[in-house]
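Work through the exercises below with the sequence and the model at hand. Each task is followed by a solution in steps.

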Amino acid sequence: LSSPRLRVPGERASLASIAESQPSPPAPAPAVPTAAPAANPNASLLDNAEQAENTLLTLLGKDTDSLISYRGGPAKELVAYAHRWLKLVGEEFRDEVTEGLLKRPRGIECTISVLGPVKDSSRGAQWLTVKIKENKSEDEEAAPDPTAMHMLWLSAEFGVVFYISGYQPDRRGDKFRAITFDAEALRHGRAVPPRDLPRVKARCVELASSSTTLQRVHALCSIGKLDPVLAAALTSPEAAPAAAHSPWAPLDEKSLLPSVQKQLSRLNPGQRAALCGLDGAVTVVQGPPGTGKSSFITAACLSRVPAGSRILACTATNKAIDSLVAKLEAAGLTQMLCVGSRRAMGEASCRYLMSSVLARDGFVAAAETAIEQHSANVRRIEAELRELPVPDAALLKAGGGKSGGGGGGGG
């Protein structure tokens, strides 16, 4: 499911990220990014620092139509579709940045030192050193560091925002490439460089991540690679071929458990209509924030997903996944596994991290108890061995010689 804020009325499918994984159609793709392409045509925006910088500035500047252009051919509908979604992606990203600047952000902290300008950079990029503040609490489920790449970092002391777009290993210390913004101007929607850069180490805090945004932009700019059937489903619902059979289970409320029936009784007419309308292999249900998408997803999982199936649920924020987990848990579904950082996830999600699930498993607990008992026995035996008297080396040598002599005589 796409982010709640990304909504286009009348669309049947909006998973633009599938563009990268689909085979190219026979006709050449007319939709191409206007920015300079990376050396590898299949490379992501995340792999090209200058292209990532240009794209980020375009998103902050609201001119998202320039990211993909019409170049004749039969795919004008796809380009128009991409334009609508690029606009919404940009709005969501700008809202996230503005909200972070209006509030006091709390997240990962680091210290940044400016080393000097990047040669031949058209955007005034700078080389930096970045030292991430280590999190002393153990978090085995979290992604490994470094986490600096494609992050926006705010130095409230100097009023500067750093966007880190590239990385270069160096014998004398790894360097990061970044462009900078004036924080106050950015808060008012203007992406301009600061008057001065910090000349000493600047303490910074995580403001926002652009990774997901840039991946969405890359997928939308690659929309010409979509399989023709999926392209038809996106742009011409009436032209899309009907599915041979629905992958969804029929809605039979009488056969459902009382707890599930209670869950369905809470749905409003719009949620119920969406639940009954699930029929295709690709279905998108869209709604503004606060309209009950988590409740709808819970109802769909409990009543329309065939028995024995597995469900993968992805959200744009930890808050959204925590809300969904809490609703599924309240409805009696407890066979779940959450993946993410414990320090960033909510209480409900943390109960279903791998470490939490294993801690509640009786077999695993019994195995850990047996291992601990075995380890205790090993430690006890090793202690007893250390307390035994050490044999005299001279006696051992004499005994060995006598034994050897006797053996020789017998021979």
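A contact here means heavy atoms within 4.5 Å. The model is predicted.

**Exercise 1. Place T64, list its contacts, and decide whether it is buried or exposed.**

Step 1. Locate the residue. T64 sits in the loop between α1 (49-60) and β2 (68-69).

Step 2. Collect the contacts. Leaving out residues up to four places away in sequence, T64 touches T58, L59, L86 and K87.

Step 3. Apply the cut-off. Buried means under 20% relative accessible area. T64 has a relative accessible area of 4%, so T64 is buried.

**Exercise 2. Compare K62 and H150: where is each found, what is its phi, and is it buried or exposed?**

Step 1. Take K62. The loop between α1 and β2 holds K62. Its phi is near 75°, a positive value in a residue other than glycine.

Step 2. Assign its exposure. The cut-off for exposed is over 50%. K62 has 56% relative accessibility and therefore counts as exposed.

Step 3. Take H150. This residue lies in the loop between β4 (126-132) and β5. H150 is not a glycine, yet its phi is positive, at about 55°.

Step 4. Assign its exposure. With a relative accessible area of 4%, H150 is buried.

**Exercise 3. Describe how helix α2 packs against helix α4, and sort the residues of the contact by character.**

Step 1. Choose the quantities. Two packed helices are described by the angle between their axes and the distance between the axes.

Step 2. Read them off. Helix α2 (residues 76-102) and helix α4 (residues 211-221) pack at an angle of about 170°, and their axes are 10 Å apart.

Step 3. Name the orientation. Angles over 145 degrees count as roughly antiparallel. The angle therefore makes α2 roughly antiparallel to α4.

Step 4. List the residues. From α2 the contact takes A82, W85, L86, V89, E92 and F93, and from α4 it takes T213, R216, V217 and L220.

Step 5. Sort them. The contact of α2 with α4 has seven nonpolar residues, one polar and two charged.

**Exercise 4. Trace the pairing of strand β6 with β5 and with β7, and describe the turns of the two hairpins.**

Step 1. Start with β5. Strand β5 (residues 151-155) pairs with β6 in the antiparallel sense over four bridges. S155 stands opposite V160 in β6, and L154 stands opposite V161.

Step 2. Look at the turn. The hairpin of β5 and β6 has four residues between the strands, and G159 in the turn has a positive phi of about 65°.

Step 3. Go on to β7. Strand β7 (residues 175-182) pairs with β6, again antiparallel, over eight bridges. Q168 has K175 of β7 as its bridge partner.

Step 4. Look at the second turn. Six residues lie between the strands in the hairpin of β6 and β7, where G173 takes a positive phi near 140°.

Step 5. Check the cover. Strand β6 (residues 160-168) is mostly covered, with seven of its nine residues buried.

**Exercise 5. In what order do the strands close into a barrel, and which strands do α1 and α2 lie across?**

Step 1. Give the order. Six strands close into a barrel as β3-β4-β7-β6-β5-β8, with antiparallel pairing. On average, neighbouring strands of this sheet are turned by 45° against each other, direction ignored.

Step 2. Add α1. This helix lies across β5, β6 and β7 and runs at about 20° to β7.

Step 3. Add α2. This helix lies across β5, β6 and β8 (202-209) and runs at about 145° to β8.

**Exercise 6. Which residues touch the most other members of the largest nonpolar core, and which element gives the most to this core?**

Step 1. Find the residues. The largest nonpolar core has 41 residues, of which V161 and F181 touch the most other members.

Step 2. Find the element. α2 gives the most to this core, with nine residues.

Step 3. Note the other core. Apart from the largest core lies another of 25 residues, among them L275, F296, C338 and C350.

Step 4. Inspect F181. Not counting residues up to four places away in sequence, its contacts include L56, L57, L60, V161 and Y163.

**Exercise 7. Summarise the protein chain: how many helices and strands are there, and what share of residues is buried?**

Step 1. Count the elements. The protein chain has 13 helices and eight strands.

Step 2. State the share. Of its 411 residues, 38% are buried.

Note on methods. Residues numbered from 1 in each chain as written. Predicted model: local features only at pLDDT ≥ 70, side-chain atom pairs only at ≥ 80, totals over all residues. Heavy atoms only, no water. Buried < 20%, exposed > 50% of the residue type's maximum accessible area, 1.4 Å probe, protein only. Axes fitted to C-alpha atoms, helices over the stretch in contact; angles between N-to-C directions. Parallel < 35°, antiparallel > 145°, perpendicular 65-115°, else oblique. Nonpolar A, V, L, I, M, F, W, Y, C, P; charged D, E, K, R; others polar. Core = buried A, V, L, I, M, F, W, Y, C linked by side-chain atoms within 4.5 Å. Pairing = 2+ DSSP bridges.
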